[in-house]
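Okay, thanks for making time, everyone. Let me put today's structure up on the screen, and then I'll walk you through it.

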Amino acid sequence: HKYRRDVILRYVASESYHALEKKLIEDEELMSKGAVTTQFAPKEVKVNEKKLEAILTGTLTRYIAGDRVGQTKEIYKLGFGYSGGIFMLKKFETVV
């Protein structure tokens, strides 16, 4: 999990880095305690180029010890920006 976290964090803007790192670590700890894994399958992506945002809609499937225990429709909002001329992730949140 640490490797995946580090890969994701390479593309996060510095002002958002610590908040997202904390969230990823919390999620890792929660998943490892309960042998929980998740898989998100995107179904739709809506991009707003002017706001540098994307809305991802899809299905989040949860597994415990390899057995599927549930599926939910999830919507995530991603915000992007530039840092040192590099396109970076600035925000990742669940839309309720």
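Quick bit of vocabulary before anything else: two strands count as paired if DSSP finds at least two bridges between them. And keep in mind that what you're looking at is a predicted model.

So, the sheet. There are 4 strands here, and they form an open sheet in the order 1-2-3-4, with antiparallel pairing. Strand 1, residues 36–48, and strand 4, residues 86–94, sit at the edges with a single partner strand each, so one side of each has no neighbour in the sheet. On average, neighbouring strands are turned by 30° against each other, ignoring direction.

Now let's zoom in on one pair. Strand 3 covers residues 67–83, and 8 bridges join it to strand 4, the two running antiparallel. Which residue of strand 4 is the bridge partner of Tyr76? That's Thr94. Leu78, for its part, has Phe92 as its bridge partner in strand 4. Follow the chain round and you reach the hairpin of these strands, with 2 residues between them, where Gly84 takes a positive phi near 60°.

Tyr76 and Leu78 come up again in the largest nonpolar core. This core has 9 residues in all, and the others are Leu9, Val12, Leu20, Leu24, Leu56, Leu60 and Leu89. The elements giving two or more residues to it are helix 2 (14–33), strand 2 (53–64) and strand 3.

Last stop is Leu9. Setting aside neighbours within four places in sequence, Leu9 is in contact with Tyr17, Leu20, Glu21 and Leu24. Of those, Leu20 and Leu24 are also members of the core.

Note on methods:
Residues numbered from 1 in each chain as written. Predicted model: local features only at pLDDT ≥ 70, side-chain atom pairs only at ≥ 80, totals over all residues. Heavy atoms only, no water. Axes fitted to C-alpha atoms, helices over the stretch in contact; angles between N-to-C directions. Core = buried A, V, L, I, M, F, W, Y, C linked by side-chain atoms within 4.5 Å. Buried < 20%, exposed > 50% of the residue type's maximum accessible area, 1.4 Å probe, protein only. Contact = heavy atoms within 4.5 Å.
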